[in-house]
Structure formats: structure tokens, C-alpha cells
Amino acid sequence: MEAIAHVRKMEEEHIFRPGLYYVALTDLSGATVASEKLGAQLNRKRVESFITICVASLGTSKPQTYAHFVKAVGDAALLLFSSFTDLYRWWDATQGQMPFYSAEWNRELPRDMTNIFRLQSKTAVHVGEIAYSDDKDPVSAAVNQVFKIEKLFYPGELGCTEAARAVASPLFPDLALKPTAREQVLLPGTESPTMTWVLAQNESAKYDLR
């Protein structure tokens with residue numbers, strides 16, 4: 001609750017400014033199976049727990065520059081960061097919190113439901129100019145494009161476009177990151193394919209589902 005309150009205070013103190021940002025889309029993995037097996041009420045709790053983690057981790061990771069939780073998009077969350085280091089620390093915080101939340105729910109779930117409920121996410125990052133509609137909704141080709149690459153990654157992975165890799169690359173040595181190429185993709189509004197990259201992965205995550 002303290003972390004979420006901290007995020008709300010951050011939002012109150014920041015004016016939504018247009019500019020160049022890292023756009024992060026983080027998606028709850030296994031949503032299709034969970035919606036079929038858990039039932040509507042329990043699946044809603046699963047999604048709510050995931051969104052809570054996304055918001056709370058923004059508070060606990062204590063970003064040093066501009067960071068903004070934009071909105072939940074179904075079982076995914078959209079965020080903006082002006083610093084890749086802040087983005088990475090937030091991602092790392094979410095990966096640490098998901099096993100804890102899963103374990104808390106496991107106390108109340110039948111044994112055959114625990115793996116289905118298990119919280120895991122894949123996160124895609126792009127970079128681009130952001131403007132705001134009505135001072136709250138981001139309007140940008142980069143937002144549309146990050147949705148295109150999300151499906152290329154697996155649970156526990158932090159992935160990005162070539163543009164994001166190039167901009168953030170000076171920070172990789174300090175964060176002990178060694179990107180590996182994933183595959184090329186044609187982004188909406190572009191004429192040539194671009195490479196996508198895996199920047200980091202949570203080794204404890206399952207990789208059998210995207």
C-alpha cells in the first residue's frame with residue numbers, strides 16, 4: 001500500500017510532458033488458459049494481482065527520473081520511462097514480487113490450480129516520441145509498435161526493439177546485460193524489418209507458453 005501511495009504521489013507531482021520515452025508493455029502470461037480453468041472471479045483476482053504488482057513495483061523500485069504507469073490494457077499494463085535504468089529496476093522488482101503474490105494465493109487454491117494461477121509476465125520495450133491526448137492518453141506510433149513485438153517473447157523475458165537496444169546500450173555494462181537477438185519483425189508504419197532482442201530473463205519462469 002505504501003508503494004502504491006508513492007506512485008500516486010508521483011503522478012500528482014508530475015505533469016504529463018511530451019517527449020522521447022521508453023515504452024514498456026508488460027503482459028500477464030497464460031491468460032487464455034487461466035480464463036478457461038480458473039473461472040471468471042478467480043481469473044479477475046489473478047489479473048488484479050498482476051496489475052497491483054506493476055503499480056507497486058514502480059513505487060518500490062524508486063525511479064530517479066520520470067516514470068509513469070499509463071493504464072491497464074486488459075491483462076497487460078502500459079508504462080513510460082525516461083530512463084532505461086529505472087525501467088530495468090522496475091522490471092526486476094516485478095519479477096521478484098510475482099512469486100510472492102503467487103505463493104500467497106496458493107494457500108487458498110486447490111493444488112491443481114496453483115500452476116494455472118501462477119503469475120508470470122513478458123515485457124516488451126520500444127522507444128519513441130510520445131504526445132498526450134486529453135493530457136492522459138499517450139498518442140504515438142511507438143505505443144502501437146510495442147504491441148506488435150510483445151508476442152515474440154516468453155514468460156520471464158524482457159525484450160526490446162533495435163531502436164530501444166541502441167539507445168539504452170551504454171547502460172548495459174553497468175546492469176550486466178548482454179542482449180541476444182530474437183527475430184526480425186516489420187513494425188507498423190515502417191518499410192524495413194527490424195531486429196528484436198532479449199535483454200534479460202527471469203530464470204525461474206516457465207518458458208513453455210508465450
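**Stop 1: the loop after H8**

Select Ala176. This residue sits in the loop between helix H8 (172–175) and strand E7 (180–185). Keep in mind as you go that the model is predicted. Check the backbone here: phi of Ala176 is near 55°, a positive value in a residue other than glycine. Most residues other than glycine have a negative phi. Is Ala176 buried or exposed? Ala176 is exposed, with a relative accessible area of 67%.

**Stop 2: the loop after H3**

Now go to Lys62. You will find Lys62 in the loop between helix H3 (40–60) and strand E2 (67–73). Phi is positive here too: Lys62 has a value near 50°, and Lys62 is not glycine. Colour by accessibility and Lys62 comes out exposed, at a relative accessible area of 56%. The cut-off for that word is over 50%.

**Stop 3: Ser140**

Move to Ser140, in the loop between strand E5 (137–139) and helix H6 (141–149). This loop residue is buried, with a relative accessible area of 15%. The cut-off for buried is under 20%. Show the side chain of Ser140 and look for its polar partners. Which backbone oxygen does the side chain of Ser140 reach? That of Glu129, at 2.6 Å. Next, pick the backbone nitrogen of Ala142. A polar atom of the Ser140 side chain lies 2.9 Å from this nitrogen. Then display contacts, leaving aside neighbours within four places in sequence. Ser140 is in contact with Glu129 and Ile130.

**Stop 4: strand E6 and its partners**

Select residues 157–161, which form strand E6. How many of the five residues of E6 are buried? Five of five, so the strand is mostly covered by the under-20% cut-off. Turn on side chains. In a regular strand, side chains alternate between the two faces of the sheet. In E6, Glu157, Gly159 and Thr161 point one way. Leu158 and Cys160 point the other way.

Add strand E4 (residues 121–133). E4 and E6 pair in the parallel sense over three bridges. To find the register, pick Ala124, which stands opposite Gly159 in E6.

Then add strand E8 (residues 194–201). E8 runs antiparallel to E6, and five bridges join the two. Here the landmark is Glu157, which stands opposite Gln201 in E8.

**Stop 5: the nonpolar cores**

Select Phe81 and Phe84. In the largest nonpolar core, which has 40 residues, these two touch the most other members. Which helix gives the most to this core? H3 does, with eight residues.

Stay on Phe84 and show its contacts, again without neighbours within four places in sequence. Phe84 is in contact with Tyr22, Ala168, Leu171, Phe172, Leu175, Leu177 and Leu199. A second, separate core has 20 residues. Select Leu80, Ile130, Tyr132 and Val185 to see some of its members. You have met Ile130 already, as a contact of Ser140.

**Last stop: the whole protein**

Zoom out and show the cartoon. The protein has eight helices and eight strands. Buried residues make up 50% of its 210 residues. Take the contacts with a separation of 6 or more: residues 24 or more positions apart account for 72% of them. Finally, switch on the surface. The accessible surface comes to about 10,600 Å², and 51% of this belongs to carbon and sulfur atoms.

How values were computed:
Residues numbered from 1 in each chain as written. Predicted model: local features only at pLDDT ≥ 70, side-chain atom pairs only at ≥ 80, totals over all residues. Heavy atoms only, no water. Buried < 20%, exposed > 50% of the residue type's maximum accessible area, 1.4 Å probe, protein only. Helix = DSSP H or I, 4+ residues; strand = E, 2+ residues; numbered from the N terminus. Pairing = 2+ DSSP bridges. Polar contact = N/O pair within 3.5 Å; in protein donor to acceptor, adjacent residues only side chain to side chain. Contact = heavy atoms within 4.5 Å. Areas by Shrake-Rupley, 256 points an atom, 1.4 Å probe, with all protein chains shown as cover. Core = buried A, V, L, I, M, F, W, Y, C linked by side-chain atoms within 4.5 Å.
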